[in-house]
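This report looks at charged side chains that pair with each other. Please have the sequence and the model at hand while reading.

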Amino acid sequence: MTLSRRNLLAATAVTSVVGAMGMPDEAAAAGEPEGAYGAGAAEGTSGRPRPRPRVRTGFDRLAADGYALLSGRRVGVVTNPTGVTPDVRHIVDVMHADDRVDLAAVFGPEHGFRGTAQAGGSEGSYEDPATGLPVHDTYGKSGRALAGIFTRSGVDTVVFDIQDVGARFYTYIWTLYDCMVAAVLAGKRLVVLDRPNPVTGRAATGPVLDRALASGVGREPIALSHGMTVAELALLFNAEFVPRAAGRAADLDTVLMTGWQRTGFFDATGLPWVPPSPNMPTPDTALVYAGTCLFEGTNLSEGRGTTRPFELLGADGIDRRWAAAANEAAADVGLPGVRFREAYFAPAFSKFQGKTIGGVQLHVHDREAFDPVRTGIALLITAKRTWPGFAWRPDHWIDKLTGTPRVRTMIDAGAGVHEVAAAWHDGLAGFRRTRRRYLRYR
């Protein structure tokens with residue numbers, strides 16, 4: 001693994017100082033001296049003080065250093081609508097207007113660079129009207145196909161800046177992984193700009209992916225809820241997985257944040273929330289997503305097409321009995337921090353489009369105690385027990401989401417939440433040991 005070949009850790013202080021324990025120094029973690037993000041608060045247009053972000057993202061720090069890490073480089077950026085500054089300007093627009101950056105291309109992931117496509121879609125390749133830059137569609141591309149796109153773009157450095165939500169099956173972290181492999185194959189350098197894990201980085205939970213089930217929603221064996229930032233994942237990918245896939249590690253630089261703590265939720269960052277995808281409208285959505293997205297693997301609606309995707313779940317024929325069973329299960333098996341309300345809704349698109357269906361709404365009242373993965377398992381179990389129409393998707397998509405067939409087969413066999421969770425204990429313990437080596441924040 002080659003981190004900062006020019007020793008920019010020391011020369012430019014772009015990347016957070018890392019001590020003997022592999023964590024940033026306390027001064028950097030506490031914040032920055034007065035300056036671009038100083039101690040005071042500037043006045044907004046209303047005349048009232050405008051709060052400063054408490055967290056400086058990787059891009060904020062890169063820009064504050066005059067883009068020294070990109071000096072003399074021809075740059076391409078992998079990003080989407082979440083690649084914004086604290087005043088919600090897009091980083092592509094900012095860099096394009098700055099003579100210090102030779103920005104030559106943009107690479108669009110799922111949903112596209114400007115975010116116009118729904119789930120499972122992309123914007124295609126085109127010329128960006130705002131900047132005139134070529135936008136290359138990379139969704140669904142990996143290996144030599146993606147390496148070919150990097151080569152044809154004419155860039156020598158690929159910058160990655162996308163907000164993740166902390167779940168293994170959210171595709172952007174595998175866009176990152178695919179870019180790392182492709183960068184090796186194409187002989188390109190990769191720079192990863194860090195952003196917060198919005199649901200904290202306290203712990204990894206849930207089953208670890210079985211490589212036999214590798215797909216676009218999980219390439220390598222990490223936990224379902226990984227508890228890492230994208231830069232930490234890049235370090236882990238580069239040391240553990242990329243050499244196996246590409247023959248050697250990537251030429252990787254990471255630009256860490258300052259001010260972020262592992263225990264902090266997104267609203268503690270002071271940063272603006274931009275939906276990373278059309279069905280991830282708020283940080284509350286991200287909080288439940290690692291558990292309720294499992295319903296994509298069933299014939300129930302996961303709330304797509306409503307104003308509360310992944311917080312609303314249901315199907316035609318479900319009534320109040322599911323919410324009652326879910327609340328009873330929460331009390332019996334110990335699912336703190338959440339309650340379930342009987343709910344009725346009509347999705348505007350996706351499953352049950354235009355039809356009023358019954359189900360539950362999750363109400364998380366203690367997010368510190370809430371465990372989304374165990375909650376998702378409990379909801380699957382109670383849905384199957386209370387609704388005769390329950391079925392898995394015929395393609396067993398649930399196995400790719402959980403990363404193992406055991407969740408499905410154990411639920412079908414009548415197992416409870418504790419039994420299902422016990423089945424992933426050993427694999428999770430191993431991942432937690434590996435993960436610890438790549439954590440860079442306290």
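The text below covers salt bridges and how far their residues are exposed.

The model is predicted: local features need pLDDT of at least 70, side-chain atom pairs count only at pLDDT 80 or more, and totals for chains, interfaces and linings use all residues. Residues are numbered from 1 along each chain as its sequence is written, and side-chain values use heavy atoms, with hydrogens and water left out.

Side chains of opposite charge can pair when their charged atoms come close. A salt bridge here is a side-chain nitrogen of Lys or Arg within 4 Å of a carboxyl oxygen of Asp or Glu. By this rule the count is 22 salt bridges. Three of these pairs, including their N to O distances, are listed in the table.

| Acidic residue | Basic residue | N to O distance |
|---|---|---|
| Asp87 | Arg89 | 3.1 Å |
| Glu220 | Arg211 | 2.7 Å |
| Asp319 | Arg321 | 2.9 Å |

Exposure is given as relative accessible area: buried means under 20%, exposed over 50%, and partly exposed in between (1.4 Å probe, protein chains only). In the pair of Asp87 and Arg89, Asp87 is partly exposed at 44%, and Arg89 is partly exposed at 46%. Glu220 is buried, with a value of 1%, whereas its partner Arg211 is partly exposed at 37%. For the third pair in the table, Arg321 has 49% and counts as partly exposed, while Asp319 is partly exposed with 26%.

Elsewhere, Glu296, Glu302, Arg304 and Lys351 are joined into one network by salt bridges that share partners.
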